Amino acid sequence: MKLLLTTLNASFVHSSLALRTLSKVTERVCDTEVAEYTINDVLDAVTADLFTHKADVTAFSCYLWNIAQTLRICDCLKKANPDGVLVLGGPEVSFDAPAILEQNPYIDCIVVGEGEGVLPVLMEALTGKCPMSCVPGLVWRNREQVVENPPAIPLPLEEIPFAYDEKNLPGQGKLVYYETSRGCPFSCAYCLSGGRDALRFLPLERVKKELQWFIDHDVPLVKLVDRTFNADRRRADEIFRYIIDHAKNTRFHFELAGDLIDEQTLAVLSAAPEGLMQFEIGVQSTNPQTISAVGRAIKFDALKEKVESVLSLKNIHVHVDLIAGLPHEDLESFRQSFDHTMAIHPHVLQLGFLKLLRGSKLRKEAEGFECVYSQNPPYEVIATHVLSYDDLVLLKRVEHALDRYYNDGGFEESMALLFVRYNHAYFDCFHAIADHLREEGLERRSLSKAELYDILYRFGVEYGEEFRQALKYDFMKNIRGSNLPDWCDELRDKTFAAQCMEVAGSEEFLGECFPQYAGMPAKKVIKRVSFGKFGGKIIAFDPSQKRAVDATNFFVAK
């Protein structure tokens with residue numbers, strides 16, 4: 001019997017850890033294939049491709065971002081092949097499985113919860129080796145009746161094979177996902193991970209062996225999906241230490257509880273090469289009433305101190321999260337949460353919007369805070385008892401400005417100056433930029449990086465020469481081109497251009513400032529390095545490395 005494991009990922013860069021893990025546990029009982037697509041693919045083409053696999057059983061991994069498309073594909077697939085068995089699994093179908101089967105008669109069964117211990121038994125049942133009633137964790141259709149089997153006991157993690165091998169590694173440009181634990185010690189009301197199953201860990205020696213496999217295979221980025229990687233601080237420290245000691249070309253991304261970072265962890269992290277690790281840390285809100293309502297047990301001041309300590313190491317990229325739409329968080333409260341969090345100066349501040357996930361505590365308690373949310377995936381909040389839809393629309397606009405002028409990078413000097421001008425009222429600053437984009441009719445347009453600089457210049461022109469110089473610095477550090485904007489075109493006079501060419505051909509200059517270009521003709525260097533005048537200094541920029549160096553002495557010497 002042939003099993004096809006499939007899913008629609010959220011975008012091209014994503015890959016499915018679940019499919020790869022399930023393929024490892026089912027290949028011993030049946031012929032197994034894996035096929036991945038994205039939600040942006042043409043659904044008719046996906047359906048046709050799935051049909052060509054001629055699978056007896058097609059199993060879909062379902063999430064809130066792909067459930068609507070998955071059901072449409074299943075409807076067509078069942079009509080094209082009525083004898084084919086269609087199986088759903090994943091978090092989007094695990095909490096209302098009987099209702100989903102009732103509403104979608106073309107689905108044959110649903111695997112509830114973790115599938116590694118269930119899917120091999122299901123395949124044996126479908127070949128007649130055991131009755132369907134003996135498959136734990138299965139909701140299935142027995143003629144016209146929907147049957148719920150007893151829940152499955154999750155397999156110990158050490159019994160689940162490593163998901164990857166040379167033939168089973170996502171292609172170039174795709175993220176590779178990995179887990180060293182399942183479950184979470186916390187019970188956040190908006191999340192599905194905590195408060196359900198005991199926190200389980202892979203044996204540490206196996207984790208090291210598998211991390212080494214990624215390092216040996218030069219995987220560019222491994223994103224760990226452990227919900228709270230440092231739930232066991234000393235275990236996390238040992239893994240950090242192993243990665244640091246064996247670092248090569250692979251980078252690692254972790255989700256951490258910021259308040260669990262301690263001095264011992266900081267001491268370990270201080271030895272990490274720059275860029276080796278990325279941390280994602282949830283703040284969500286700084287309103288104590290909101291934090292209590294969603295079951296988080298953190299104090300923001302303590303968390304802030306810990307995150308700032310990590311940032312002070314200057315070797316780890318730090319990404320923090322806020323969620324808009326949580327209970328008791330009105331617009332003014334969220335503005336304060338935003339400003340408090342931005343004051344940490346993380347590398348990225350992700351502004352997300354509450355989603356009432358199936359199975360989450362907040363979904364069950366939605367009426368209690370008058371939460372109105374979309375009945376269609378991703379079940380995003382529309383209004384709460386203290387936050388109107390108008391407020392949420394405004395927050396979406398602020399998010400848009402935040403992503404363009406902070407999270408995407410390239411405006412460090414100019415935005416730092418604007419923050420000072422706004423007395424570090426960060427929310428107000430991004431709100432004003434969002435209003436400016438709307439006034440110019442550009443809010444919904446796709447904009448190039450160069451256009452974003454022009455727009456910010458028009459926004460901040462009233463702040464005078466200091467702002468222009470800061471923005472010019474950002475532009476030249478990040479964008480290479482001979483055609484500078486009108487607001488910094490004074491750098492392109494013929495005398496200065498001749499001086500730049502001469503310095504670009506200096507072996508002394510290249511050897512000291514840009515050794516990677518040593519021996520390269522000046523005409524080629526000048527295509528990679530640009531020069532700008534800033535308050536009596538001449539700065540040389542290499543946008544490919546986002547690097548700037550003081551070249552004043554080389555010009556003075558001439």
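Arg 143 sits in the loop between β6 (138–142) and β7 (145–148), in what is a predicted model. Although Arg 143 is not a glycine, its phi is positive, at about 60 degrees, and the residue is exposed, with a relative accessible area of 76%. Asp 218 is likewise not a glycine and has a positive phi, of about 50 degrees; this residue is found in the loop between α6 (204–216) and β11 (221–224), where Asp 218 is partly exposed, with a relative accessible area of 42%. A further positive phi, near 55 degrees, belongs to Asn 423, which follows helix α14.

| Residue | Phi | Place |
|---|---|---|
| Arg 143 | about 60 degrees | loop between β6 and β7 |
| Asp 218 | about 50 degrees | loop between α6 and β11 |
| Asn 423 | near 55 degrees | follows α14 |

**Overall form**

The protein contains 21 helices and 20 strands. Its radius of gyration is 27 Å, close to the 24 Å that the globule rule gives for 558 residues, so the protein is as compact as a globular protein of that length. Along the principal axes, the C-alpha trace spans about 90 × 55 × 50 Å. Of the 558 residues, 54% are buried, and the accessible surface comes to about 25,500 Å², with 50% of that area belonging to carbon and sulfur atoms. When contacts between residues at least 6 apart in sequence are considered, 69% of them join residues at least 24 apart.

**Helix α14 and its surroundings**

Within helix α14 (residues 412–421), the buried residues are Ser 414, Met 415, Leu 417, Leu 418 and Phe 419. An α-helix has 3.6 residues a turn, so residues three or four places apart point the same way. The cover over the buried residues of α14 includes α11 (331–342), α13 (389–407), α15 (426–439), α16 and α17 (464–478).

One of these covering helices, α16 (residues 449–460), holds Tyr 457. Once neighbours within four places in sequence are set aside, Tyr 457 is in contact with Phe 467, Arg 468, Leu 471 and Trp 487. Tyr 457 and Phe 467 are ten residues apart in sequence, and their C-alpha atoms are 8.2 Å apart in space.

**A buried glutamate**

Glu 179 lies in the loop between β8 (176–178) and β9 (181–182). Is this residue buried or exposed? With a relative accessibility of 18%, Glu 179 counts as buried, because the cut-off for that class is under 20%. The side chain of Glu 179 makes a polar contact with the side chain of Arg 182, at 2.8 Å. Not counting residues up to four places away in sequence, Glu 179 also touches Leu 17, Leu 202, Val 225 and Asp 226.

**The cis peptide bond and the nonpolar patch**

Pro 377 and Pro 378 are joined by a cis peptide bond, for which omega is about 10 degrees. Pro 378 has its place in the loop between β16 (372–373) and β17, and strand β17 (residues 381–383) is where Ile 382 is found. Together with Val 372, Tyr 389 and Val 393, Ile 382 makes a nonpolar surface patch of about 330 Å². Ile 382 itself is partly exposed, with a relative accessible area of 32%; residues enter such a patch at over 30% relative accessible area, so Ile 382 meets that condition.

Key. Residues numbered from 1 in each chain as written. Predicted model: local features only at pLDDT ≥ 70, side-chain atom pairs only at ≥ 80, totals over all residues. Heavy atoms only, no water. Helix = DSSP H or I, 4+ residues; strand = E, 2+ residues; numbered from the N terminus. Contact = heavy atoms within 4.5 Å. Patch = residues over 30% accessible without salt bridge, like charges linked within 9 Å, V, L, I, M, F, W, Y side chains within 5 Å. Areas by Shrake-Rupley, 256 points an atom, 1.4 Å probe, with all protein chains shown as cover. Salt bridge = Lys/Arg side-chain N within 4 Å of Asp/Glu carboxyl O. Buried < 20%, exposed > 50% of the residue type's maximum accessible area, 1.4 Å probe, protein only. Polar contact = N/O pair within 3.5 Å; in protein donor to acceptor, adjacent residues only side chain to side chain. Rg over C-alpha atoms; globule rule 2.2 N^0.38 Å.
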